[in-house]
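User: I've got this protein open at the bench and would like to talk through how its helices and strands fit together. Can we go through it piece by piece?

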Amino acid sequence: MAVDQSDALISNELEREVARRRTFAIISHPDAGKTTLTEKLLLYAGAIELAGAVRGRKARRHATSDWMALEQERGISITAAALEFELDGRRMALLDTPGHKDFSEDTYRALIAADSVVMVIDAANGVEEQTRKLFEVCRRHRLPILTFINKLDRPARDPLELLDDLERTLGIAAAPVNWPVGSADAFRGVYDIDRRHLLLYEREAQGQFRAPVDIAALDDPAALALIGDTVYAHFIESLEVIRAAGTAYDVTEYRAGRQTPVFFGSALTNFGLEPFLRAIVELAPPPQPRLSDLGLVSPTDERFTGFVFKIQANMDPRHRDRVAFVRVCSGRFTKDMALVNSRIGRPIRASRAYRFFGRERETVSDAYAGDIVGLVNPGQFAIGDTLHTGAPVRFSGVPRFPAEHFGRARLQDTRYKQFDEGLRQLEEEGLMQLFYVDGGRREPIVAVVGALQLDVITSRLRTEYGVDAQIETASFTAARWVAEPAIRIPPLGGGAVVARDRLDRRAILFASEWEVQYFERQHPEVALLAESTTS
Ligand SMILES: Nc1nc2c(ncn2[C@@H]2O[C@H](COP(=O)(O)OP(=O)(O)OP(=O)(O)O)[C@@H](O)[C@H]2O)c(=O)[nH]1
Ligand SMILES: [Mg+2]
């Protein structure tokens with residue numbers, strides 16, 4: 001009897017904790033303002049006291065989620081950052097992702113760890129290429145999407161046209177929750193369509209914020225005076241169109257991923273941020289069930305399960321350790337618990353577990369489904385690993401993409417040990433794959449999905465491992481693993497070479513996709529794999 005009671009107590013606590021969690025990723029085309037919006041959401045949630053900037057003079061604060069040296073140097077996001085904070089009794093976990101297509105593998109993995117998505121659209125550009133691609137991934141995973149149309153403080157497309165663009169380009173219903181009053185220099189604020197009230201803002205220097213003026217009635221003379229005649233007339237006209245013919249917000253449609261609620265604003269000048277943050281808290285779904293080889297795993301299932309979606313080395317220059325980011329899928333995680341990595345089968349003690357806030361970390365004693373926990377266990381984890389207690393289980397679906405760009409990494413000094421160690425750890429992160437050509441010099445070949453990742457490798461070898469290296473483009477465009485370890489590989493024509501990966505598995509590097517196909521036609525007996533079989 002006593003046992004039953006304590007079990008009931010645990011499951012009540014578990015249900016309560018899971019129900020208050022919100023884990024979401026911010027996605028978009030490069031430069032739409034994901035990191036700026038992230039920083040402002042943190043500011044409005046009270047998680048930071050001062051907002052940093054994406055680009056700024058040396059002395060200025062940088063955005064919390066762009067913590068890596070190269071991100072700050074270039075003013076772009078390169079790697080997904082996890083930020084956890086409390087808000088209104090909810091535990092929020094936000095993943096700011098890189099927009100550039102060369103880093104999209106990292107973005108896709110972050111999407112797999114989220115239960116919903118915030119999609120940022122640049123009001124001058126509408127739906128752009130990278131947003132469209134990321135949207136397709138969201139659709140496949142049925143992730144609910146909230147849309148923030150950003151940069152209304154600059155010349156923008158007409159809001160009706162922007163909604164139309166969302167609907168046509170993405171094939172999703174767009175339901176405006178608020179409506180912008182003016183744009184560019186005449187951008188005054190947003191009107192809440194359902195609650196029927198107006199939030200008018202003033203610009204503040206240095207990204208500080210001031211509470212908006214809240215006006216209940218549209219025909220309030222004060223509103224008219226603040227907005228100005230021309231902007232007011234235009235606003236009323238488009239509002240009427242939206243009221244008559246616009247899609248109304250519907251929670252079922254949103255949760256099913258068929259409709260996206262749309263908000264307008266400007267992350268940089270702090271317009272429209274409180275309503276958006278409130279919407280995330282109120283509308284975003286709690287942790288959802290996950291598909292495993294045993295079927296759906298419910299977040300309130302009492303046993304702990306999770307998977308590694310990201311590995312990042314050297315986040316903290318003082319520790320120089322490697323963190324495996326785990327999305328908790330079910331149950332309760334406790335520090336020091338013995339978990340099994342389903343790939344290896346042996347138990348591991350989770351003794352160093354952290355919660356992250358950009359680069360900052362804090363020890364966690366327990367975590368629940370929905371949380372993102374960073375585990376420090378050198379060499380024990382690979383991207384995609386399932387961790388669990390109880391009977392064996394595996395989650396699938398952490399994607400890997402085939403490398404398309406290859407380069408020869410050349411050490412320019414004599415720090416061989418650090419060079420090898422650096423390359424090994426960056427490979428473990430999934431930033432690249434390493435190959436060594438048979439019989440060739442000991443110059444590793446690095447293979448990446450996007451060419452900019454080659455710059456990231458040299459920069460990180462320098463700043464994190466103190467190694468001066470150069471990467472010279474190599475003329476390969478595809479790698480295929482040889483399925484049979486013992487099979488004889490026939491002589492290769494064209495630009496192809498035989499190479500080995502770090503685990504000594506044989507692969508062939510080809511100069512073109514056409515060469516791959518030609519080889520496959522000529523040598524059907526040599527089975528090739530696009531991905532290495534995970535060891
Ligand atoms: N005028 C204006 N500029 C903005 C706004 N939001 C962001 N920006 C600027 O747009 C640029 C890109 O912003 P980021 O926040 O880095 O965009 P991002 O989407 O995170 O970019 P990546 O992570 O590199 O894909 C920066 O110079 C920002 O200051 C806005 O609301 N108005
Ligand atoms: Mg960014």
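Analyst: Sure. One definition before we start: a helix axis here is a line fitted to the C-alpha atoms over the stretch in contact, and angles run from 0 to 180 degrees between N-to-C directions. Also keep in mind that this is a predicted model.

User: With that in hand, at what angle do helix α11 and helix α12 pack?

Analyst: Helix α11 covers residues 416–428 and helix α12 covers residues 452–465. Their axes are 10 Å apart, and the packing angle is about 120°.

User: Is α11 perpendicular or oblique to α12?

Analyst: Roughly perpendicular covers 65 to 115 degrees, and over 145 counts as roughly antiparallel. The α11–α12 angle is about 120°. That is why α11 counts as oblique to α12.

User: Which residues of α12 meet α11, and what is the hand of the crossing?

Analyst: On the α11 side the contact uses Q418, F419, G422, L423, Q425 and L426. Sorted by class, the contact of α11 with α12 holds 6 nonpolar, 3 polar and 1 charged residues. Facing α11 from α12 are I457, R460, L461 and Y465, and the crossing is right-handed.

User: What about α2 and α10: what orientation does α2 have relative to α10?

Analyst: Helix α2 spans residues 34–44 and helix α10 spans residues 273–283. Their axes come within 10 Å and cross at roughly 85°. Angles of 65 to 115 degrees fall in one class, so α2 is roughly perpendicular to α10.

User: How many polar residues are there in the contact of α2 with α10?

Analyst: L37, K40, L41 and Y44 come from α2, and L273, E274, F276, L277 and I280 come from α10. Those residues divide into 7 nonpolar and 2 charged. The count of polar residues is: no polar.

User: Moving to α4 and α5, what is the hand of their crossing?

Analyst: Helix α4 (residues 104–112) packs on helix α5 (residues 129–140) at about 35°, and the axes are 10 Å apart. S104, T107, Y108 and L111 of α4 touch Q130, K133, L134, V137 and C138 of α5. By class that contact has 5 nonpolar, 3 polar and 1 charged. The crossing of α4 and α5 is right-handed.

User: Just past α5, is R142 buried or exposed?

Analyst: R142 lies in the loop between α5 and β5 (145–150). Its phi is near 50°, a positive value in a residue other than glycine. Exposed means over 50% relative accessible area, and at 65% R142 therefore counts as exposed.

User: On to the sheets. Which are the edge strands of the sheet with the order β7-β8-β9-β10?

Analyst: This is an open sheet of 4 strands with antiparallel pairing, and its twist averages 20° from one strand to the next. An edge strand pairs on one side only, and here those are β7 (178–181) and β10 (213–215).

User: Which residue is the bridge partner of W179, and which helix lies across β7 and β8?

Analyst: β7 and strand β8 (residues 189–192) pair in the antiparallel sense over 4 bridges. In β8, W179 has Y191 as its bridge partner. Lying across β7 and β8, at about 160° to β7, is helix α8 (residues 229–245).

User: How many residues of strand β14 are buried, and what stands opposite T305?

Analyst: β14 (residues 305–313) pairs antiparallel with strand β15 (residues 322–330) over 8 bridges, with F307 partnered by R327. β14 also runs antiparallel to strand β23 (residues 386–388), joined by 3 bridges. The strand is mostly covered, with 9 of its 9 residues buried. Opposite T305 in β23 stands H388.

User: Last sheet: what is the strand order of the one with 8 strands, and what stands opposite R480?

Analyst: The order of this open antiparallel sheet is β27-β24-β26-β25-β29-β30-β28-β31, and β27 (469–474) and β31 (528–529) are its edge strands. Strand β28 (residues 478–482) is joined to strand β30 (residues 506–510) by 4 bridges. Opposite R480, in β30, is I508.

User: And D504: buried or exposed?

Analyst: D504 is in the loop between β29 (497–501) and β30. Phi is positive there, about 70°, although D504 is not a glycine. The cut-off is over 50%, so at 51% relative accessibility D504 counts as exposed.

Technical notes:
Residues are numbered from 1 along each chain as its sequence is written. Chains are lettered from A and ligands numbered from 1 in the order in which they are written. This is a predicted model: local features need pLDDT of at least 70, side-chain atom pairs count only at pLDDT 80 or more; totals for chains, interfaces and linings use all residues. Side-chain values use heavy atoms; hydrogens and water are left out. Helices (H or I, at least four residues) and strands (E, at least two) are DSSP runs, numbered from the N terminus. A crossing is left-handed if the near helix is turned anticlockwise from the far one by less than a right angle, and right-handed if clockwise. Contact means heavy atoms within 4.5 Å. Ala, Val, Leu, Ile, Met, Phe, Trp, Tyr, Cys and Pro count as nonpolar, Asp, Glu, Lys and Arg as charged, and the others, Gly among them, as polar. Two strands pair if DSSP finds at least two bridges between them. Angles under 35 degrees count as roughly parallel, over 145 as roughly antiparallel, 65 to 115 as roughly perpendicular and the rest as oblique. Buried means under 20% relative accessible area, exposed over 50%, partly exposed in between (1.4 Å probe, protein chains only).
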